[in-house]
Amino acid sequence: MNTQQVVVQQAQLEKTGNFPEKKFRAGAISATVWLNKGHSSKGEETEYQTISLDRHYMDKQGQWQSTNSFRIGDIPKATVVLQKAYEFLVLNEQNLFKGGN
């Protein structure tokens, strides 16, 4: 992760209060599980998780960039990281019901 990406993530965190909980990578493809904080329709504070999917690449100037556009060869890796993110969410949810971490 380059300095620009870190600064952007820090700005997102300060702006929204959301932060990356876990990241799964397969080559240039990553799935990030985000812990989001918000308010329910009744105004109560709540937390929920989302997943973002990105492909990282180096541009012509040699700077790392990310996109949510994928090539056909990226699909198998995207499937793997999404499956791992889903497993992370489901297994953590089960641990909560069992009283684990």
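Hi everyone. A quick definition before we start: the strands I'll mention are DSSP runs of E at least two residues long, numbered from the N terminus. With that in hand, take the hairpin of strand 3 and strand 4: there are five residues between the strands, and Gly 62 has a positive phi near 80°. Please keep in mind that this is a predicted model.

Let's stay with that pair for a moment. Strand 4 covers residues 64-67, and its pairing with strand 3 is antiparallel, with four bridges. If you'd like a spot to click on, Tyr 57 sits opposite Gln 65 in strand 4.

Now over to strand 2. Strand 2, residues 29-39, and strand 3, residues 45-58, are antiparallel too, and they pair over 11 bridges. Ile 29 has Arg 55 in strand 3 as its bridge partner. These two strands also make a hairpin with five residues between them, and in the turn Gly 43 has a positive phi of about 85°.

So what makes up the largest nonpolar core? It has 10 residues in all: Phe 24, Ala 26, Ile 29, Ala 31, Val 33, Ala 78, Val 81, Ala 85, Phe 88 and Leu 89. At least two of them come from each of strand 1 (19-26), strand 2 and helix 2 (75-98). Helix 2 is the one that gives the most, with five residues.

Let me finish on Val 33, one of those core residues. Setting aside neighbours within four places in sequence, Val 33 is in contact with a good list of residues, including Phe 19, Phe 24, Gln 49, Ile 51, Ala 85, Phe 88 and Leu 89. Thanks, everybody!

Methods
Residues numbered from 1 in each chain as written. Predicted model: local features only at pLDDT ≥ 70, side-chain atom pairs only at ≥ 80, totals over all residues. Heavy atoms only, no water. Pairing = 2+ DSSP bridges. Core = buried A, V, L, I, M, F, W, Y, C linked by side-chain atoms within 4.5 Å. Buried < 20%, exposed > 50% of the residue type's maximum accessible area, 1.4 Å probe, protein only. Contact = heavy atoms within 4.5 Å.
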